[in-house]
Amino acid sequence: MAASQVQPSPAERQRPAHAPADHPAVPTPRVGIVLANLGTPDATDYWSMRRYLNEFLSDKRVVDYPSWKWQPLLQLIILTRRPFKSGEAYRSIWNTQQDESPLLTITREQTRKLAETLTARHGDRVLVDFCMRYGNPSTDSVLRRMQAAGCQRILFFPLYPQYASPTTATANDQAFRTLMKLKWQPALRTVPAYFEHPAYLDALANSVRETYAVTETPPEVLVASYHGVPKRFLHEGDPYHCQCQKTTRLLRERLGWEEGAVQTAFQSQFGPEEWVGPQTVDHVAELARQGKRHIAVISPAFASDCVETLEEINEEIRESFLAAGGEQFTYVPCLNERDDHVAALVAIAENELGGWL
């Protein structure tokens with residue numbers, strides 16, 4: 001059952017046994033599961049984009065430069081110009097029917113399917129909801145709503161197969177910030193990186209096979225494109241780069257392909273320092289110059305299609321490949337609300353819920 005659809009009825013709120021008559025009623029104890037995704041602006045206009053980008057780029061996990069150096073640059077230059085460009089990118093992929101970003105649409109559907117499966121197995125004592133690290137629904141509002149609905153134990157599930165400080169860690173940070181403000185803290189567990197989970201790898205491999213099955217000629221190379229991070233993160237102990245490399249290898253082995261058939265690259269670089277590479281936009285152009293006429297690109301680090309995949313990969317990176325002489329570009333969609341992906345999320349969640357259900 002999705003927590004966003006449920007508020008405890010008077011029958012579900014009872015005075016504890018042996019409590020005095022004036023003791024407030026408390027909700028029936030439940031276990032909550034919160035899917036946490038990156039975030040989304042509320043709209044594509046300048047001020048909506050500025051609010052979203054300000055929250056995102058002010059996060060010390062994302063940009064860890066000293067505030068005295070970064071904030072003047074952010075507030076006076078970047079946030080003066082960037083909302084226009086980002087708004088244009090979001091408008092190109094916006095879900096106009098529901099007036100929201102595809103990330104929000106997809107995450108809601110993932111939550112609905114996860115809730116449907118877990119409710120069928122465990123009944124109403126399990127509530128499932130989702131939150132965004134930046135934008136709405138906020139982590140704070142969702143955790144408070146779940147606590148009000150009786151969730152004394154909550155599994156917090158960042159939707160990032162590979163761990164990274166700017167994604168998994170900041171999502172967890174935000175959840176713990178809410179706990180710091182609560183009088184009655186629910187017990188909280190966080191889901192670790194799950195890129196090695198067999199069900200996740202099966203879903204990833206299935207998505208490649210299904211995409212290839214409807215192409216007239218098979219792509220010559222599959223590029224696994226991951227969101228980039230500064231290179232120093234690797235040397236400071238962040239395992240993200242290594243986990244991305246391993247994801248590519250495990251996917252290739254799952255597909256039964258030879259070495260070189262799946263290649264790793266990184267996208268979304270910004271700022272002056274050195275980032276992990278190769279950069280996807282440059283790598284696909286180089287593949288075209290090497291004579292590759294048909295390539296495919298997949299994004300194993302994203303659980304849901306978003307502006308980084310639908311706009312950056314399927315528009316900017318596609319254009320880079322074609323402009324360099326490539327002829328056919330195939331984008332393999334994120335796992336989104338695929339049944340095998342939801343089954344993987346269920347398996348991961350139930351494993352982490354051991355002893356709670």
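Colleague: Which residues form one aromatic cluster with Tyr-52 and Phe-56?

Modeller: Keep in mind that this is a predicted model. Besides Tyr-52 and Phe-56, the cluster takes in Tyr-90, Trp-94 and Tyr-134.

Colleague: Is the pair of Tyr-52 and Phe-56 stacked or edge-to-face?

Modeller: The two sit four residues apart in helix H1 (residues 46-57), so about one helical turn separates them. Their rings are 6.4 Å apart centre to centre, with 15 degrees between the planes. Planes under 30 degrees apart count as stacked, so the pair of Tyr-52 and Phe-56 is stacked.

Colleague: And Phe-56, buried or exposed?

Modeller: Buried means under 20% relative accessible area. Tyr-52 has 7% and counts as buried. Phe-56 comes in at 19%, so the verdict for Phe-56 is buried.

Colleague: What sits over the face of Trp-356?

Modeller: Look for a charge here. At 4.0 Å from the ring centre of Trp-356 lies Arg-189.

Colleague: Which are the edge strands in the open sheet of four strands?

Modeller: The order is E8-E7-E9-E10, with parallel pairing. An edge strand pairs on one side only, and that picks out strand E8 (262-267) and strand E10 (328-332).

Colleague: What angle does helix H10 make with E10?

Modeller: Helix H10 (residues 307-323) packs on the sheet and touches E7, E8, E9 and E10. Helix H6 (residues 198-213) lies across E7, E9 and E10, at about 145 degrees to E10. For H10, the angle with the direction of E10 is about 160 degrees.

Methods
Residues are numbered from 1 along each chain as its sequence is written. This is a predicted model: local features need pLDDT of at least 70, side-chain atom pairs count only at pLDDT 80 or more; totals for chains, interfaces and linings use all residues. Side-chain values use heavy atoms; hydrogens and water are left out. Rings of Phe, Tyr and Trp (its six-membered ring) pair if their centres lie within 6.5 Å; planes under 30 degrees apart count as stacked, over 60 as edge-to-face and the rest as tilted. Buried means under 20% relative accessible area, exposed over 50%, partly exposed in between (1.4 Å probe, protein chains only). A charge sits over a ring if NZ of Lys or CZ of Arg is within 6 Å of the ring centre and within 35 degrees of the ring normal. Two strands pair if DSSP finds at least two bridges between them. Contact means heavy atoms within 4.5 Å. Axes are lines fitted to C-alpha atoms, for helices over the stretch in contact, and angles run from 0 to 180 degrees between N-to-C directions.
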